[in-house]
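Thanks for coming. I have one structure to go through today, and I will keep to what can be read from the atoms.

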Amino acid sequence: METTATALQTDTSYLGLRLPHPFIAGASPFGYRLDTIKRLEDAGCAAVVLHSLFEEQITLGFEGRVRHMDPLDSQFAETLAHFPPASEYPLTPDAYVEHVSRAKAAVKIPIIASLNGTSAESWLRFARIIEQAGADALELNLYDIVTSLATPAAAVETEIVSIVKELKRLLAIPVAVKLPPYFTAFGNVARQLDAAGADGLVLFNRFYQPDIDIKTLEPFAQLELSTSAELLLRLQWVAILHGRVRPSLAVTGGVETPNDGIKAVLAGADVIQMVSALLRHGPAHIDIMRRGLERWMEWHKFSRLDEARGRCSLKRTSDPAAFERGNYIRTLHSWIRA
Ligand SMILES: Cc1cc2nc3c(=O)[nH]c(=O)nc-3n(C[C@H](O)[C@H](O)[C@H](O)COP(=O)(O)O)c2cc1C
């Protein structure tokens, strides 16, 4: 079959940024250095999310405290021992800002900076400095495990919504919010973030649960790269939200093959962030993803990505809750029949 790749329109819009295709690099060590950011651009990556600058780093650097605790105060020594020392972060807050402006000067693709924190406090003002350094957008990662038994879900939701409101008040650049899936009613959280002005939702954070060493009787952490098995949770929620909230939708987690990327588009994703697959296969993998998407579009005679986006979402399902519940029961029954 004669290729019609040149006629294909794989372009997409994310956070108001026009991108030639939906594959972008998620926050990762690729963002640490200008040469790897350039390699991503040379490989055809549509945009890069830098690694995160953490709330703990900012408050330590500017207020001399981590979560309001003074590292020199012995009563906090045990708690603060859980956090890495300032020297273990790849860049200080000031160096991060400098890095954003150098990255912007080094490449033409959009650079999305990343802030990572959990509280609606003064550290957020640092976002303004990142904006002034030239970031095209900001991704806010709200990674938090609420271990307190006294904190109700509503308080957690109020806090994240107020963080987003505060950032939107401070910034003119778009703000994407990277979230965990573990909410009782994630759809309503998405709607609240929409109302707070979020420009994008990034679904979902992976959770790095500590394992337990049965010899030493100690917990230990090990970072395993993802596999496609993790994608389905993301597909499910993108499919539920597509067309029902205003923010752009990004998938992060478990996109390894072109088919994974295609599924994300069919669910309704505007962009697909990749980290594990790029760490495993190198930046050239972006091109494999893009060509796989184009071949599939040709095969289905889609000339524009928009014709495919959201085809498998629940937008046109009259009762999404019945679909999900019915799907659950049918899935259990499929095992009985097998
Ligand atoms: C080595 C490594 C470093 C990461 N650093 C960050 C980070 O600084 N900030 C962040 O929001 N996510 C970070 N992530 C998470 C990724 O951005 C991504 O959400 C996650 O790996 C799931 O995507 P994947 O399945 O494509 O790997 C990191 C992931 C890896 C593997």
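I will start with the ligand site, then take the aromatic pairs, one buried glutamine, one helix, and a few backbone details.

First, a caution: this is a predicted model. Every number I give is computed from it.

The ligand, then. A shell of 20 residues surrounds it, and the closest are Ala27, Ser52, Asn141, Ser226 and Ser276. Sorted by class, that shell contains eight nonpolar, ten polar and two charged residues. Two elements each supply at least two residues of the shell: strand β4, residues 48–54, and helix α10, residues 276–281.

Which side chains place an N or O atom by an oxygen atom of the ligand? I have three to show. For Ser226 the distance is 2.4 Å. For Asn141, 2.7 Å separates an oxygen of the ligand from an N or O atom of the side chain. For Lys178 the corresponding distance is 2.9 Å. As for how much of the ligand is covered, it exposes 610 Å² when taken alone, and the protein buries 89% of that.

Next, the aromatic rings. There are eight aromatic pairs in the structure, and I will pick out two. Phe62 and Phe126 make a tilted pair, with 5.4 Å from centre to centre and 50 degrees between the planes. Tilted is the class for plane angles that are neither under 30 nor over 60 degrees. What does this pair tie together? Phe62 belongs to helix α2, residues 55–63, and Phe126 to helix α5, residues 126–132, so the contact joins parts that are 64 residues apart in sequence. Phe126 has a relative accessible area of 5%, so it counts as buried.

The second pair is Phe186 with Trp237, and this one is edge-to-face: the centres are 5.3 Å apart and the planes are at 75 degrees. Here too the pair links distant parts of the chain, with Phe186 in helix α7, residues 186–196, and Trp237 in helix α8, residues 231–241, 51 residues apart. Both Phe186 and Trp237 are buried. They also belong to an aromatic cluster, which is made up of Phe183, Phe186, Phe204 and Trp237. Keep Phe204 in mind; I will come back to that residue.

Now a polar residue in the interior. Gln273 sits in strand β12, residues 271–274. Is Gln273 buried or exposed? Its relative accessible area is 2%, so it is buried. What does the side chain of Gln273 pair with? It makes a polar contact with the side chain of Glu139, at 2.9 Å. Leaving out neighbours within four places in sequence, Gln273 is in contact with a list of residues that includes Tyr14, Ile24, Ala27, Val49, Val202 and Thr252. Ala27 came up before, as one of the closest residues to the ligand.

On to helix α9, residues 258–267. This helix is mostly covered, with eight of its ten residues buried. Among the buried ones are Pro258, Asp260, Ile262 and Leu266. What covers them? The cover includes strands β3, β11 and β12, together with helices α8, α11 and α12. Two of those have appeared already: β12 holds Gln273, and α8 holds Trp237. After α9 comes Gly268, which has a positive phi near 130 degrees.

That brings me to the backbone. The peptide bond from Leu203 to Phe204 is cis, with omega near -5 degrees. Phe204 is in the loop between β8, residues 200–203, and β9, residues 211–213, and this is the Phe204 of the aromatic cluster.

Two residues other than glycine have a phi worth a look. Leu15 has a positive phi near 55 degrees, and it lies in the loop between β1, residues 12–14, and β2, residues 17–19. Leu15 has 6% relative accessibility, so it counts as buried. His68 is not a glycine either, and its phi is positive, about 65 degrees. The loop that holds His68 runs between α2 and α3.

Last item: Ala7, in the segment before β1. Its relative accessibility is 52%, so Ala7 counts as exposed. The C-alpha atom of Ala7 is 7.0 Å from that of Ser303, and the two residues are 296 apart along the chain.

That is what I have. I can put any of these sites on the screen.

How values were computed:
Residues numbered from 1 in each chain as written. Predicted model: local features only at pLDDT ≥ 70, side-chain atom pairs only at ≥ 80, totals over all residues. Heavy atoms only, no water. Near = heavy atom within 4 Å. Polar contact = N/O pair within 3.5 Å; in protein donor to acceptor, adjacent residues only side chain to side chain. Areas by Shrake-Rupley, 256 points an atom, 1.4 Å probe, with all protein chains shown as cover. Helix = DSSP H or I, 4+ residues; strand = E, 2+ residues; numbered from the N terminus. Nonpolar A, V, L, I, M, F, W, Y, C, P; charged D, E, K, R; others polar. Phe/Tyr/Trp six-rings, centres within 6.5 Å; stacked < 30°, edge-to-face > 60°. Buried < 20%, exposed > 50% of the residue type's maximum accessible area, 1.4 Å probe, protein only. Contact = heavy atoms within 4.5 Å.
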